[in-house]
Amino acid sequence: MAPKLIYLLIGDHELQISRWVKKALSEKDTEPSILSMNIFRGNMAVTTKAEVQSNLQAIPFLSQFRYVALDQIFSFGSGGYNLANEAGKNEFIHVLEKTSPATIVVLSDSDTDLDDKRCPGFKSGFIKSLLNSTALKQNITFKKIMLPKKPADQARWVEKEAKNLGVEISTKTAFALLERIEVFDPRVISGELSKLAAYINFEGKITEEDLDKAGIRIFSADIFELTGAIGLKEKQRASRTYQKLLLEREPEEVFQMIIRQFRMILAVKDANVNGNPLAELAVFQDLRNEWVRSKTQEQAKKFELEDLKQIYKRLLAIDQAVKSSLIELPTATDMLIAEVS
């Protein structure tokens, strides 16, 4: 047996990958309430072998297919499969080969640049082994989904994103928008464009004057303030900053930024503890900017390594619980902030 289809989505464009995952977990002719009963989403770092295996073998309920999505497949944690380990890789592929033929599997990782020479070899090794599996290779759709790296390509991405919102933005204005953000972050930019589109009533062209009038500003500064307050155990300031962010952004956008920020802090802290130079972290998209690495290092000093690992695991657990409709995201995030501050 083999699954109906496997989507393998690898790259560093988190927003576009998440959109692909959402599209893959859909059926046009199935009621949303029924479809949700046939979807399992988990993060590889915290999903056990038993959870993976039981969901891969489950029978669809009033639906054509069963869907199993595993995010950040190359991340490490307490989950059952470690793809950096040869035995773990082979065991996971073997489980996929035995998957129900009524199952659609979506595997994704949004922190991998396969073309970077510093990319760990086990990642490309896993992909090669999966694509070469006799039982699976005919059913795999593999896509590399990468962030635009060149400024001109980034500006074109902004123009296309604006067009998707039903408005226009010139290349010059797109560059002006990008200059207000330290790191090319599609979620932040998409949020700013939505704000701008609403400001001009979703018609016409966004101008540089609109950037000022709509109050477009750097969002990452607020995330740094939030994680900084958590590190200093300033509970009230952390809670106020989070509530302020919710006034400006959707809870999902804020939460993904918090996850990203703690992932960066954890990577920097781990490098500091092990005596590795920060420049080596430039392999990660979020830490390619030297200023961001330096700013993140300042925050990493406020945390113990084990505390950071526990916070990151808690964030991943919240993400999984929210996707399973077990808790509301703002409530879960607020509770976590109160507990760790």
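This briefing describes the aromatic pairs, the charges placed over rings, and the surroundings of one asparagine in the structure above. The model is a predicted one. Across the whole structure, a search finds five aromatic pairs, and Phe74, Tyr81, Phe92, Phe122 and Phe126 form one aromatic cluster. Apart from these rings, asparagine 38, which lies in the loop between α2 (32-36) and β2 (39-43), is described through its polar contacts and its neighbours.

**Aromatic pairs**

- Among the five aromatic pairs found in the whole structure is the one formed by phenylalanine 74 and phenylalanine 122, which is edge-to-face, with 5.7 Å centre to centre and 85° between the planes.
- Phenylalanine 74 lies in the loop between β3 (66-71) and α4 (86-97), whereas phenylalanine 122 belongs to helix α5 (residues 121-131), so this pair ties together parts that are 48 residues apart in sequence.
- Phenylalanine 74 counts as buried, because its relative accessibility of 5% falls under the 20% cut-off for that class.
- Another pair joins tyrosine 81 and phenylalanine 92, and this one is tilted, with 5.2 Å centre to centre and 55° between the planes.
- Because tyrosine 81 lies in the loop between β3 and α4 while phenylalanine 92 lies in helix α4, the pair ties together parts that are 11 residues apart in sequence.
- Both partners of this tilted pair are buried, tyrosine 81 with a relative accessible area of 2% and phenylalanine 92 with a relative accessibility of 0%.

**Charges over rings**

- Lysine 49 lies over the face of tyrosine 81, at 5.7 Å from the ring centre, and tyrosine 81 is itself a member of the aromatic cluster.
- In a further arrangement of this kind, the charged end of lysine 23 sits over the ring of tryptophan 20, at 5.4 Å from the centre of that ring.

**Asparagine 38 and its surroundings**

- Asparagine 38, placed in the loop between α2 and β2, counts as buried at 1% relative accessibility.
- A polar atom of the side chain of asparagine 38 lies 2.9 Å from the backbone oxygen of isoleucine 34.
- The backbone nitrogen of phenylalanine 61 lies 2.6 Å from a polar atom of the asparagine 38 side chain.
- When neighbours within four places in sequence are left aside, asparagine 38 is in contact with Ile59, Pro60, Phe61, Ser63, Phe65, Arg66 and Tyr67, a list that includes the phenylalanine 61 whose backbone nitrogen was just described.

Notes: Residues are numbered from 1 along each chain as its sequence is written. This is a predicted model: local features need pLDDT of at least 70, side-chain atom pairs count only at pLDDT 80 or more; totals for chains, interfaces and linings use all residues. Side-chain values use heavy atoms; hydrogens and water are left out. Rings of Phe, Tyr and Trp (its six-membered ring) pair if their centres lie within 6.5 Å; planes under 30 degrees apart count as stacked, over 60 as edge-to-face and the rest as tilted. Helices (H or I, at least four residues) and strands (E, at least two) are DSSP runs, numbered from the N terminus. Buried means under 20% relative accessible area, exposed over 50%, partly exposed in between (1.4 Å probe, protein chains only). A charge sits over a ring if NZ of Lys or CZ of Arg is within 6 Å of the ring centre and within 35 degrees of the ring normal. A polar contact is a pair of N or O atoms within 3.5 Å; within protein, one must be able to donate a hydrogen and the other to accept it, and residues adjacent in sequence count only if both atoms are side-chain atoms. Contact means heavy atoms within 4.5 Å.
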